[in-house]
Amino acid sequence: MSAFDELDLPPALLSAIAARGYTEPTPIQAGIIPHVLAGRDVIGQAQTGTGKTAAFALPLLARLDPAVAAPQVLILAPTRELAGQVAETCSAYAGGLPHAKVATIYGGAGYRDQLRALRQGATVVVGTPGRVMDHLRRGTLETGSLRCLVLDEADEMLRMGFIEDVEWILEQLPRDRQMALFSATMPGPIRSIAKRHLDDPIAVRPASPSTAATTVDQRCWFMRGCDKTEAVARMIEGEETDGVLVFTRTKAATTEVATALVARGIQAEVLNGDMPQERREAVVARFRAGGLDVLVATDVAARGLDVPRISHVINRDLPGDPETYIHRIGRTGRAGRSGAAISCVHPRERGFLRTIERRSGQPIAEMELPSAATINRRRGERFAARVLAQADGDLGQFEQLAASLIAEHGLDPVRAVAAMARLIHGSDELFVDEVPRTREPRRPAAGKREGRGDGARRQLDRSGLRFRLDVGHVHGARPGMIVGAIANELGLPGHAIGAIRIHDAYATVVLPEDLDRQ
């Protein structure tokens, strides 16, 4: 397929596609769109960042019945962030379709706005499994006009323990509806769902890179001496970089990292799901043009990002699977250019790192952080360059003031220059100290300490922090339920969640020791 205008999409959608700067469909879009337009059930096996949202959003929007002001499409996503991103993408494409109204329903938000959106004739509903179940039980989500269900990132829903919820939702929907299932991998339970609930589906699996590009120098830093945000800042200051893309696990972490970098005089911005589309596009345009040195993003927000000047990809947090890692680092080292990928790794993640090495087909060398001497030399050079740039210009009254200070107060010229430099730089120290080569062990406080949220207490475990949760067998707690709740609330990948033990009235779970800094 050579262009979108060959896909039999209506003019309003083609205009929306052109406005976003897209001219040719990605492989997953070219493979999926014709079949969804024809009403077929489909299975799309594709990674985040391949354009799969548009692959189902465009044909489903095209098939909406303008005469029906009720939910016609239901899209299930595993997380609030992804649900919001999918809904925003659908809304952007639907701008020229007055009958297309998108509602987002997910946990952690009030019901009032969600109910209002549903009652005002939402035709496309995007939600997380738990909140969709709530609305179905309450009778506030109508399904009588539903024409299609989309399961987005089905394997992630499996990992988070939502598959039983998805099965329940499927049982409540009309039998004659169309279904589209998207999953990066196809584990047994996902294949089972596809076999039971899809009708003679068309499977589309575009070729994707199975190994990392040989032009990318892959390295890792094992946490010790400082936290990950400080480490990322030192990596950026100590490396020869052009554009740097930093990946974090959560939206909150994007803000934390960007704020820390700006405080060091590095031009950095965030890219996350809380930002409106117009703002995100402006930030990416600045980054592309060289107006920003660093972009700090989540995986979902960085989908489709392709900026040739990216010289470094830094994983402040490792992703949840090796395929996402390969996709992340593939944003550098393109078109024959060299690039670097650096990951911050907790010692507990060594096994997962080996899995990534096998999957990427390349070794990942351990590195130390740039030395304080290297960083301080670079800082000194940058500061000297600023001073020399001013010295080449007309200093006017400032030159007279300096001469007066030296003459009238007997001030040493070196002290005078240093005092003016302090005024320019501010009260913060210009230079950094060396990071200790060994990490101080975390010492447990006496007794139990209060943890995150009500009913959670934590202790130091040999492999991390052991949290006590006030749910157990008598409450119907299951390991999948606990994994799903923790992964959704804290944004932790499955490999970071340790041993779970369920007792009659409570449960314990081991989480990363550095949880407070993630």
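**Exercise 1. Find the salt-bridge partner of Arg131 and place both residues in the fold.**

Step 1. Arg131 pairs with Asp134, with 3.8 Å between the closest N and O atoms. The contact qualifies because a salt bridge needs a side-chain nitrogen of Lys or Arg within 4 Å of a carboxyl oxygen of Asp or Glu. The model is predicted: local features need pLDDT of at least 70, side-chain atom pairs count only at pLDDT 80 or more, and totals for chains, interfaces and linings use all residues. Residues are numbered from 1 along each chain as its sequence is written, and side-chain values use heavy atoms, leaving out hydrogens and water.

Step 2. Both residues sit in helix α6 (residues 129-138). They are three residues apart, about one turn of the helix. Helices (H or I, at least four residues) and strands (E, at least two) are DSSP runs, numbered from the N terminus.

Step 3. Classify the exposure. Buried means under 20% relative accessible area, exposed over 50%, and partly exposed in between (1.4 Å probe, protein chains only). Arg131 is buried, at 8%. Asp134 is partly exposed, at 27%.

**Exercise 2. Determine which parts of the chain the bridge between Glu366 and Arg224 connects.**

Step 1. Check the distance. The closest N and O atoms of Glu366 and Arg224 are 3.3 Å apart, and the two form a salt bridge.

Step 2. Locate the ends. Glu366 belongs to strand β14 (residues 365-366), while Arg224 is in the loop between β8 (216-222) and α10 (228-238), so the bridge ties together parts 142 residues apart in sequence.

Step 3. Compare the two ends. Glu366 is partly exposed at 46% relative accessible area. Arg224 is buried at 16%.

**Exercise 3. Trace the link between Glu230 and Arg264.**

Step 1. Their side chains meet in a salt bridge, 2.1 Å from N to O.

Step 2. Glu230 is in helix α10, and Arg264 is in the loop between α11 (251-263) and β10 (268-271). This pair links distant parts of the chain, 34 residues apart.

Step 3. Arg264 is partly exposed, with 25% relative accessibility.

**Exercise 4. Which residues are linked in a network of salt bridges, and how many salt bridges does the count come to?**

Step 1. Recall the principle. Oppositely charged side chains can pair when their charged atoms come close.

Step 2. Name the members. Lys228, Glu256, Arg316 and Asp317 are linked in a network.

Step 3. Give the total. By the distance rule, the count is 20 salt bridges.
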